[in-house]
Amino acid sequence: MTSSRPILITGAAGFIGFHLCERLLSDGRQVVGLDSMNEYYDVNLKRARLDRLNGFSNFRFEHVDLTERDRISALFLSTAPEVVVNLAAQAGVRYSLTNPHAYAESNLSGFLNILEGCRHASVGHLVYASSSSIYGGSTRMPFSVHDSADHPLSLYAASKKANELMAHTYSHLFGLPTTGLRFFTVYGPWGRPDMALFIFAKAILAGEPIDVFNYGNMQRDFTYIDDIVEGIVRVMRQPATSNPDWKSAAPDPATSNAPFRIHNIGGNSPVQLNRLIEVLEDALGRKANRNLMPIQPGDVPSTSADVSSLEEATGFKPKIPIEIGVPRFVKWYRDFYRV
Ligand code: NAD
């Protein structure tokens, strides 16, 4: 990452995209941010994130949907990004049970448009969001990138797995360097209103009960946003030819320099939902009224990340525990919503 070509971040108005843009802009990089500003959750929160990014002179925003094939193609050719980080997607496991087409459109057709854009604009490295959900109900802990993960429990998870397969074909056929990052339950300031920590904080502050699925026994490898951003930035810097596994996976010498990589990025310290709620109660100074519920369709009972491939490749592994990260989220929440 040394050229003056810009970095293209899709999903720039989203939770992770916003933080990544802010980090790269602070580092002095030219960033083009793309987002459709969809209404999956509060658009005002997305606008507030964008307002902050627009304060940087090295930022340019493009209001485009990944599914707009011609506009995406033109944007890639006119921008000629050095690196693309694809974070735009229809996120959320439960929503995929009732709105499956949104996942096919954004995460499959939209992702194909990103791959084609990368191919024709000679992008140096495509880094894209995958998800811990692709491990499905695997009981082999921690989840390793070396284990097969072929039994997703939701269409969301299936679409993320499909992204990995699609990326592999573009690495193989066209020499496009790709790295898929399987994120594990990300949280932090400017976080997503559809995710548990946000929903719980809002309800507890309003004196309302919280629905605690799987009776609080769900286990998640919660990952603080700064660790995710650091992991992405380190991966972006990876040279295109450093993956020793690639050559054995792709005997065709014409493609032997094209790496296809997958890493987990997880907090490295799984905790039970009940423990998360305790830490949140301490940070808020209020007790939750828990409505204990069974596990929901599509949900996986446990996640736990083996991050050794990330550490080997970049020297980095996530470090921030929930006891530090949750109070930071609460401080932001109270300041932002003035509660
Ligand atoms: P987010 O919903 O906050 O951000 C995604 C952004 O993409 C949104 O601003 C949305 O408007 C935009 N978008 C959606 N569809 C689009 C389209 N078709 N064209 C253009 N823009 C579109 O989600 P996030 O938490 O920032 O997640 C970023 C990525 O990481 C997603 O791919 C998500 O699936 C993945 N991921 C997130 C988590 C997590 O815990 N947050 C975990 C695993 C994977």
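**Exercise 1. The shell around the ligand**

Which helices and strands each supply at least two residues of the shell around the ligand?

*Solution.* The model is predicted, and local features need pLDDT of at least 70, side-chain atom pairs count only at pLDDT 80 or more, while totals for chains, interfaces and linings use all residues. Residues are numbered from 1 along each chain as its sequence is written.

Step 1: helices (H or I, at least four residues) and strands (E, at least two) are DSSP runs, numbered from the N terminus. On that basis α1 (15-26), α5 (100-120) and β5 (125-131) each give at least two residues to the shell, and α1 gives the most, with 3 residues.

Step 2: a residue is near the ligand if its C-beta atom, placed from the backbone, lies within 6 Å of it. Of the 27 residues around the ligand, those that come nearest are G11, G14, S36, A89 and A129.

Step 3: sorted by class, the shell has 12 nonpolar, 11 polar and 4 charged residues, where Ala, Val, Leu, Ile, Met, Phe, Trp, Tyr, Cys and Pro count as nonpolar, Asp, Glu, Lys and Arg as charged, and the others, Gly among them, as polar.

**Exercise 2. The two sides of α2 and the face of α7**

Determine which residues of helix α2 (residues 43-53) are buried and where they lie around the axis.

*Solution.* Step 1: a residue is buried if 20 or more other C-beta atoms lie within 10 Å of its own, exposed if 12 or fewer, and partly exposed in between, with C-beta atoms placed from the backbone. By this count L45, K46, R49, L50 and L53 of α2 are buried.

Step 2: these residues cover an arc of only 140° around the axis (the arc of the directions from the helix axis to the C-beta atoms), which puts them on the same side of α2. On the other side of α2, N44, R47 and D51 are exposed.

Step 3: two residues are in contact if their C-beta atoms, placed from the backbone, lie within 7 Å, and the buried residues of α2 pack against α1, β2 (31-35) and β3 (59-63).

Step 4: for comparison, helix α7 (residues 196-205) has A196, L197, F200, A201 and I204 buried. Seen down the axis of α7, the buried residues fall within an arc of 125°, so they line one face of the helix. What covers them includes β7 (186-187), β8 (210-212), α10 (273-284) and α12 (322-337). Just after α7, G207 takes a positive phi of about 75°.

**Exercise 3. Two single residues**

Is S159 buried or exposed, and which residues does S159 touch?

*Solution.* Step 1: S159 has its place in helix α6 (residues 155-174), and it is buried because 26 other C-beta atoms lie within 10 Å.

Step 2: not counting residues up to four places away in sequence, S159 touches Y103, N107 and L108.

Step 3: G124, by contrast, lies in the loop between α5 and β5, and is partly exposed, with 18 other C-beta atoms within 10 Å. G124 and A80 are 44 residues apart in sequence and 9.7 Å apart in space, C-alpha to C-alpha.

**Exercise 4. Confidence**

Over which residues does pLDDT stay under 50?

*Solution.* Step 1: pLDDT is the predictor's confidence in each residue, from 0 to 100, and the protein chain averages 93, with 93% of the residues scoring at least 70.

Step 2: the stretch under 50 is residues 250-256, for which the model has 7 contacts beyond four places in sequence. Where pLDDT is low, the predicted coordinates should not be read in detail.
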